[in-house]
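I opened a fresh notebook page for this one. Here is what I looked up, in the order I went through it.

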Amino acid sequence: MKLYNLKDHNEQVSFAQAVKQGLGTQQGLFFPLELPELELTEIDDMLAMDFVTRSCKILSAFIGDEISPQDLQQRLQTAFTFPAPVAKVTEDIAALELFHGPTLAFKDFGGRFMAQMLAFVSGAQEKITILTATSGDTGAAVAHAFYGMENVRVVILYPQGKISPLQEKLFCTLGGNIQTIAIDGDFDACQALVKQAFDDEPLKQAIGLNSANSINISRLLAQICYYFEAVAQLPQEQRNQLVISVPSGNFGDLTAGLLAKSLGLPVKRFIAATNANDTVPRFLSAGEWSPKQTVATLSNAMDVSQPNNWPRVEEIFRRKTWRLQDLGFGAVDDETTKATMRELAELGYISEPHAAIAYRLLRDQLQPGEFGLFLGTAHPAKFKESVEEILGQKLPLPAALAERAELPLLSHAMAADFATLREFLLNK
């Protein structure tokens, strides 16, 4: 598999190199040189397979002969040990539940696959430092995926006071090879520090720097697999008129969905669903890219005003000669989010803010005869305080959260200052 740097098309790397390197020069994202397309009969055959076998076929189409099907299958069996069920909400809308993994969020798929790929391509002796920023769920998924791995040190930056207490407990109580830093700033400030670290060549070499954000191609490719899993669970008539609404912050999930469509998965259209951090909806509406200051919302994992993966979205549309104006979009404020969560509860479906935003825009934009799917990206209990307050009912804690809820936080606190972070990375 060859990938090129979106900021410098002359920089081309193998899949293994892209996994280890994370970003290209000038902080450029890697993107597949070839976009494979499968025949309809192949897609139909794959939809009849089990999740891991099908995922092996999907990923082999991109990765090629760099990893044998046997090795890939073995790694996937270790990574994908939990389901991604489709839950009916109304007659024409269902939820794809991606929160049945160990950290109760969709990031478990990408995080665990990346950990397996990094271990595979790095070899036993190579020391690696994973540096990543999180607005909530990435941190937990990455921490648990890499926890206890030899020669891997994980450093996770997150915005202090801007993620839910239970999200924080999930990844800031592990210790060992997992180090967490609460940054005095928002997610964009955390992300900017990560980018500065990747621009610092001596630092990269000294600590074997890598990233586990959705900028890493292995995480992105893993996410393609659950779109196929969703369609596999639908009857034929619903597959033919499928609209998928994706809660969008850094836009990795939407990128993966578009790659699934590019591969041949029958999706009529996608909806990019954001909160008040609406850079993309405003861009799609007016044609001007003008990020504003990030604002804190109920759907904190989507509090991103400069989404990293947007260049990949544009590249897919350019390469496939699709029209960007065919991408659905919308932004939902907190009050509407709350009302939508209550509406879903009345329908018998308990949801959290991110999924509620995706449902709201899907409900509003779905045409007669179409079938809608929205992504449930995190378990409602991860946002226990806000969900309970909004719905006026108690949520039981799943075991994965209950066992960490009373443990002490092991985080460091730090200003949003690169020199301080650099010293920490070199000296700890």
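**Entry 1: the sheet.** I began with an open sheet of six strands in this predicted model. Reading across, I noted the order 4-5-13-10-11-12, and the pairing is mixed. Which strands stand at the edges? They are strand 4 (86-88) and strand 12 (328-331). Each has a single partner strand, so one side of each is left without a neighbour in the sheet. I also looked up the twist: on average, neighbouring strands here are turned by 25° against each other, direction ignored.

**Entry 2: one edge in detail.** Next I followed strand 4 to its partner. Strand 4 pairs with strand 5 (residues 93-97) in the antiparallel sense, over three bridges. For a residue to click on, I picked A87, whose bridge partner in strand 5 is A95.

**Entry 3: helices on the sheet.** Which strands does helix 12 touch? Helix 12 (residues 252-263) packs on the sheet and touches strand 10 (242-247), strand 11 (269-274) and strand 13 (371-376). Its direction makes about 180° with that of strand 11. Then I turned to helix 16 (residues 353-365), which lies across strand 5, strand 10, strand 11, strand 12 and strand 13. Helix 16 runs at about 130° to strand 11.

**Entry 4: a pair of helices.** A reminder to myself: two packed helices are described by the angle between their axes and the distance between the axes. I looked up both for helix 5 (residues 107-122) and helix 6 (residues 137-146): the axes come within 8 Å and cross at roughly 35°. The crossing of helix 5 past helix 6 is right-handed. On the helix 5 side, I listed K107, D108, G111, R112, M114, A115 and L118 as making the contact. From helix 6 come D137, T138, A141, A145 and F146. How do the residues of this contact divide? I have six nonpolar, two polar and four charged.

**Entry 5: two loop residues.** Last, I checked some backbone angles. Q26 sits in the loop between helix 1 (15-21) and strand 3 (30-32). Phi of Q26 is near 60°, which is positive although the residue is not glycine. T321 also caught my eye, with phi near 50°, again a positive value in a residue other than glycine. I found T321 in the loop between helix 14 (310-320) and strand 12. Is T321 buried or exposed? The relative accessible area of T321 is 68%, and exposed means over 50%, so T321 counts as exposed.

Technical notes:
Residues are numbered from 1 along each chain as its sequence is written. This is a predicted model: local features need pLDDT of at least 70, side-chain atom pairs count only at pLDDT 80 or more; totals for chains, interfaces and linings use all residues. Side-chain values use heavy atoms; hydrogens and water are left out. Axes are lines fitted to C-alpha atoms, for helices over the stretch in contact, and angles run from 0 to 180 degrees between N-to-C directions. Helices (H or I, at least four residues) and strands (E, at least two) are DSSP runs, numbered from the N terminus. A crossing is left-handed if the near helix is turned anticlockwise from the far one by less than a right angle, and right-handed if clockwise. Contact means heavy atoms within 4.5 Å. Ala, Val, Leu, Ile, Met, Phe, Trp, Tyr, Cys and Pro count as nonpolar, Asp, Glu, Lys and Arg as charged, and the others, Gly among them, as polar. Two strands pair if DSSP finds at least two bridges between them. Buried means under 20% relative accessible area, exposed over 50%, partly exposed in between (1.4 Å probe, protein chains only).
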